[in-house]
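Colleague: Could you take a close look at one part of this chain for me? I would like the packing of its helices, with some context around it.

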Amino acid sequence: MSAVKRKTSSSATESEAKKMKANGSITSFFGAPRPKPIDASAPAPAVKFDKQKWVDSLTQEQKELLKLEIETLDPSWLAHLKDDLVTNEFLGLKKFLDRETAAGKKWFPPKEDIYSWSRHTPFSNVKVVIVGQDPYHNVNQAHGMAFSVRPPTPAPPSLKNMYKALKKDYPSFVPPPNNGGLLIPWADRGVLMLNTCLTVRAHEANSHSNRGWERFTQKVIDLVAQKRTRGVVFMAWGTPAGKRVQKVDKSRHLILQSVHPSPLSASRGFFDCGHFKAANEWLVKRYGDDGEIDWALTANTSTKKVVPLATVEEPNPKANGASSPAAAPKVAPKATPIKAEDDFGSDDEEALEEALKQAEEDAKK
């Protein structure tokens with residue numbers, strides 16, 4: 001019996017050897033099989049993330065410090081940023097914010113809005129990144145998205161200049177009614193509006209800078225650049241924003257740089273930069289027609305080539321030919337005027353720097 005086993009084993013070995021030799025001959029003749037090319041247009045695979053398991057792995061102190069991130073940071077971003085949240089630097093930032101609150105210091109945006117950018121623009125939806133600076137530092141302005149303000153606050157000067165540039169790119173663009181500045185529709189369509197610093201003390205520009213937000217938001221930008229392989233448009237206006245996208249791979253993504261849209265610099269080229277249209281032309285090449293961003297912010301309007309049927313106002317037969325009341329835009333409450341010094345909040349850091357330099361030069365005269 002043992003002889004049979006040895007013979008069988010020997011035969012199997014010889015058979016395997018012959019197969020290996022045959023395969024080796026085929027490989028040497030035709031060459032090794034080539035790997036399949038990577039389809040750049042294919043969406044990135046979703047990251048497997050067990051949020052509860054991650055939360056359970058945290059210490060009690062970490063759970064308390066990161067309560068806001070656990071509850072309000074969109075899971076699509078949390079899956080990528082979870083390791084950054086438990087660093088000493090980020091935990092130190094959260095302790096700093098707790099000290100600010102304990103000392104009676106008011107800061108913006110409201111804490112539940114700090115990560116609103118992540119919820120309105122999940123990681124897999126990002127097509128455009130607009131880089132801002134410091135959040136607006138007055139009441140009812142900042143709500144977690146660069147350049148955007150909640151009604152009834154009127155659009156700040158920088159945003160008004162963005163509307164002017166948009167109007168040049170798309171003559172059909174109509175600014176929001178009541179001088180509005182809410183940009184949530186853009187966020188819902190894939191435009192990530194990210195400030196470099198995510199919080200600020202009331203009425204004190206840049207008061208929360210160099211506390212840890214800069215490294216965190218740079219990681220957000222780097223993540224998009226590294227993992228959104230399908231291609232993303234980065235809009236960097238002003239020198240500080242330009243520094244944030246220096247390492248982005250220009251062969252994979254589109255980098256659009258210009259002066260800041262603030263009143264002190266917009267006239268030096270921002271109005272004619274053509275970024276909104278250039279972004280769409282590039283996105284359509286990458287994504288097809290679905291890639292185009294609708295920059296419209298007014299009901300029943302669109303900047304897209306073909307207006308979706310859903311945006312066309314239907315006549316209301318019960319109103320004797322009048323348009324449907326439901327289709328009419330809601331009238332926001334009367335806005336509280338913003339003082340001139342309030343115009344330079346978050347996204348006008350470059351303008352602030354220029355204003356300070358000018359003031360210093362005037363003082364020397």
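Modeller: What follows covers the chain as a whole, then two helix pairs, then one strand residue.

Keep in mind that this is a predicted model. The chain has 365 residues, and 45% of them count as buried. Its secondary structure comprises 13 helices and 6 strands. Take the contacts in the chain with a separation of 6 or more: 70% of them join residues 24 or more positions apart. The exposed surface comes to about 20,200 Å². Carbon and sulfur atoms supply 55% of that area.

Now the first pair, H5 and H10. Helix H5 spans residues 75–85, and helix H10 spans residues 213–227. Their axes come within 11 Å. They cross at roughly 135°. That angle falls short of the range over 145 that counts as roughly antiparallel, so H5 and H10 are oblique to each other. The crossing of H5 and H10 is right-handed. From H5, the contact uses Trp77, His80, Leu81, Asp84 and Leu85. H10 answers with Phe216, Lys219, Val220, Leu223, Val224 and Lys227. By class, the residues of this H5 and H10 contact divide into 7 nonpolar, 1 polar and 3 charged.

The second pair is H8 and H12. Helix H8 runs over residues 157–169, helix H12 over residues 275–287. Here the axes lie 7 Å apart, and the packing angle is about 55°. H8 and H12 are therefore oblique to each other as well. On the H8 side, Met162, Ala165, Leu166 and Asp169 make the contact. On the H12 side, the residues are His275, Phe276 and Lys277. The residues of the contact of H8 with H12 divide into 4 nonpolar, 1 polar and 2 charged.

Last, a residue from a strand. Methionine 193 sits in strand E3, residues 191–195. Its relative accessibility is 2%, so methionine 193 counts as buried. What surrounds methionine 193, leaving aside its neighbours within four places in sequence? The contacts of methionine 193 are Trp117, Ile130, Gly144, Met145, Ala146, Leu183, Trp186 and Ala187. One of these, isoleucine 130, is 63 residues from methionine 193 in sequence. In space, methionine 193 and isoleucine 130 are 4.8 Å apart, C-alpha to C-alpha.

Terms used. Residues are numbered from 1 along each chain as its sequence is written. This is a predicted model: local features need pLDDT of at least 70, side-chain atom pairs count only at pLDDT 80 or more; totals for chains, interfaces and linings use all residues. Side-chain values use heavy atoms; hydrogens and water are left out. Axes are lines fitted to C-alpha atoms, for helices over the stretch in contact, and angles run from 0 to 180 degrees between N-to-C directions. Helices (H or I, at least four residues) and strands (E, at least two) are DSSP runs, numbered from the N terminus. Angles under 35 degrees count as roughly parallel, over 145 as roughly antiparallel, 65 to 115 as roughly perpendicular and the rest as oblique. Contact means heavy atoms within 4.5 Å. Ala, Val, Leu, Ile, Met, Phe, Trp, Tyr, Cys and Pro count as nonpolar, Asp, Glu, Lys and Arg as charged, and the others, Gly among them, as polar. A crossing is left-handed if the near helix is turned anticlockwise from the far one by less than a right angle, and right-handed if clockwise. Buried means under 20% relative accessible area, exposed over 50%, partly exposed in between (1.4 Å probe, protein chains only). Accessible areas come from the Shrake-Rupley method with a 1.4 Å probe; for residues, only the protein chains shown count as cover.
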